[in-house]
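Please work through the exercises below with the model open beside you, taking each solution one step at a time.

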Amino acid sequence: MKWFNTTKNTKKPEKRYLYAVKNGDHAGKFIAYIDTLQDHYCFLAVPGNEKLKVPIKDFENGIDNGIVEFVEKLPKDVYKVLEAQHLT
């Protein structure tokens with residue numbers, strides 16, 4: 001049984017992590033972490049299904065400054081849909 005639903009170290013995203021963007025061009029959207037490519041994190045922004053490549057340093061700065069905030073770890077079935085949308 002799970003007693004606490006806490007996630008540590010949200011600065012380094014893992015598959016199924018969902019973040020809220022609170023400021024900037026993508027304010028009001030949620031971004032789901034999909035993959036890492038060299039020095040960028042790849043996300044799918046919803047609503048809109050927009051693919052985003054965010055430099056790792058920018059993402060870390062966004063977490064530190066409260067621009068991006070961890071929301072939850074998505075259920076596997078929901079994540080599979082988002083991952084498939086990112087690949088198209």
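The exercises that follow concern salt bridges and a pocket in a predicted model.

**Exercise 1.** Find how many salt bridges the whole structure holds, and state which parts the pair Glu 83 and Lys 15 ties together.

*Solution.* A search of the whole structure gives 3 salt bridges. In one of them Glu 83 pairs with Lys 15, with the closest N and O atoms 3.9 Å apart, which satisfies the cut-off of within 4 Å. Glu 83 belongs to helix 2 (residues 76–87) and Lys 15 to the segment before strand 1 (17–21), so the pair ties together parts that are 68 residues apart in sequence.

**Exercise 2.** Decide whether Lys 22 and its salt-bridge partner Glu 69 are buried, partly exposed or exposed.

*Solution.* The closest N and O atoms of Lys 22 and Glu 69 are 2.9 Å apart. Lys 22 lies in the loop between strand 1 and strand 2 (30–37), whereas Glu 69 lies in strand 5 (residues 68–73), so the bridge links parts 47 residues apart in sequence. Buried means under 20% relative accessible area and exposed means over 50%; Lys 22, at 42%, is therefore partly exposed, and Glu 69, at 41%, is partly exposed.

**Exercise 3.** Describe the lining of the largest pocket by class and by the elements that supply it.

*Solution.* The largest pocket has a volume of about 240 Å³ and is lined by 15 residues, of which Val 21, His 26, Val 54, Ile 67 and Val 68 lie nearest its centre. Sorted by class, the lining comprises 9 nonpolar, 4 polar and 2 charged residues. Strand 4 (50–55) and helix 1 (56–64) each contribute at least two lining residues.

Terms used. Residues numbered from 1 in each chain as written. Predicted model: local features only at pLDDT ≥ 70, side-chain atom pairs only at ≥ 80, totals over all residues. Heavy atoms only, no water. 1 Å grid on protein atoms, 1.4 Å probe; cavity = no way out; pocket = protein on both sides within 12 Å on 5 of 7 lines; lining within 4 Å. Points joined across faces, edges and corners; volume = space filled by probe spheres on them. Helix = DSSP H or I, 4+ residues; strand = E, 2+ residues; numbered from the N terminus. Nonpolar A, V, L, I, M, F, W, Y, C, P; charged D, E, K, R; others polar. Salt bridge = Lys/Arg side-chain N within 4 Å of Asp/Glu carboxyl O. Buried < 20%, exposed > 50% of the residue type's maximum accessible area, 1.4 Å probe, protein only.
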